[in-house]
Amino acid sequence: MRKFSILFLCISLTLALTACKETPAASETTEASEPVTSTAAETEADTPESTGATSPETTDGTQQTSAADTFTGIDVELTTGTLTIRFGSAFSLTYEDGRAAAYSVTDGTLYIADPAAGKLVLTLPEGACYDATAFRIGQGHLYVEGSLQTSRLTLELGQGEAKLEAVSVLEGCEINVTRGSAYLSGTLGGEVDAQCTEGHIQLQVSGQQTDYNYALEVSSGNIAIGSSNYSGLVSKSVDSGAGSTMRLSCQYGDIAVQFRN
């Protein structure tokens, strides 16, 4: 009996030792099976911050160019507002208080049309020369502060006012004033066609009076060219042997042309 008890005890101890070797500790099992995770703070630190800004570069690294930087002509229609043109490093069109103003560019021409009364400021790149520039002003006001360079210039003025200082026109200009007042100074190359119904046109032209031939039509108004005056009913041509001609027509208003070297 004693031998049987001892044998049973030995067998029990052997089984217990075998079980301990095959089963890992609870702490070891937990550590081995626990997945590796990162905290929210660690995730945010590893993620680049987004500013929400759009890159001004294209996918190939070149600078993007807006349509406003590529126009070669200008067409402005202004009903009752005011447009001031200035010159700077880049194009912009805003109201006087800084609000952006609407415009469009079609077939290389910048179109500006603001039928409402407002004060617009157009900034053009310094030194740019345009193929054609047209201003159609109703009762509004146009002021050009600086040197506007264009191959051809068209100015149509109703009852408003236009003042263009230091313009440079290469191939000709057309000016039509109904009851308003227009003042232009600078270089007027090519043919000059100015018509005035009841308003006033004043031209301060670089050069000499003999740089132009003249074709004059006066009804009841007055045309003054340098020191010469033509009033009443006049139809006259003056041949100076020049390569350009001024065609001046006045009904009831007046046109004054002066020259400066």
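In the predicted model, His141 is partly exposed, with a relative accessible area of 28%. This value lies between the limits of 20% for buried and 50% for exposed residues, so His141 falls in the intermediate class. The residue belongs to strand β8, which spans residues 141-144. Apart from neighbours within four places in sequence, His141 is in contact with Leu78, Gly81, Thr82, Leu83 and Glu161. For one of these partners, Leu83, the C-alpha to C-alpha distance from His141 is 6.3 Å, although the two are 58 residues apart in sequence. Another partner, Glu161, is joined to His141 by a polar contact of 3.4 Å between the side chains.

Strand β10 comprises residues 161-169 and includes Ser168. Ser168 has a relative accessibility of 18% and therefore counts as buried, the cut-off being under 20%. When residues up to four places away in sequence are set aside, the contacts of Ser168 are with Leu148, Gln149, Thr150 and Thr187.

The largest nonpolar core contains 54 residues. Leu124, Phe135, Leu142 and Leu164 are the members with the most contacts inside this core. Phe135 touches two others of that group, Leu142 and Leu164. The remaining contacts of Phe135, again without residues up to four places away in sequence, are with Val76, Ile85, Leu148, Leu153, Thr154, Leu155 and Glu156. Leu148 is thus listed as a partner of Phe135 and also as a partner of Ser168.

At the level of the whole protein, the secondary structure consists of three helices and 20 strands. The chain has 261 residues, of which 34% count as buried. The exposed surface of the protein is about 15,500 Å², and carbon and sulfur atoms supply 50% of this area. Among contacts between residues at least 6 apart in sequence, 50% join residues at least 24 apart.

The mean pLDDT of the protein is 80, and 73% of the residues reach 70 or more. Over residues 1-65, the pLDDT is below 50. This stretch has 11 contacts in the model beyond near neighbours in sequence. Where pLDDT is low, the predicted coordinates should not be read in detail.

Conventions: Residues are numbered from 1 along each chain as its sequence is written. Side-chain values use heavy atoms; hydrogens and water are left out. A nonpolar core is a set of buried Ala, Val, Leu, Ile, Met, Phe, Trp, Tyr and Cys residues joined through side-chain atoms within 4.5 Å. Buried means under 20% relative accessible area, exposed over 50%, partly exposed in between (1.4 Å probe, protein chains only). Contact means heavy atoms within 4.5 Å. pLDDT is the predictor's confidence in each residue, from 0 to 100. Helices (H or I, at least four residues) and strands (E, at least two) are DSSP runs, numbered from the N terminus. A polar contact is a pair of N or O atoms within 3.5 Å; within protein, one must be able to donate a hydrogen and the other to accept it, and residues adjacent in sequence count only if both atoms are side-chain atoms. Accessible areas come from the Shrake-Rupley method with a 1.4 Å probe; for residues, only the protein chains shown count as cover.
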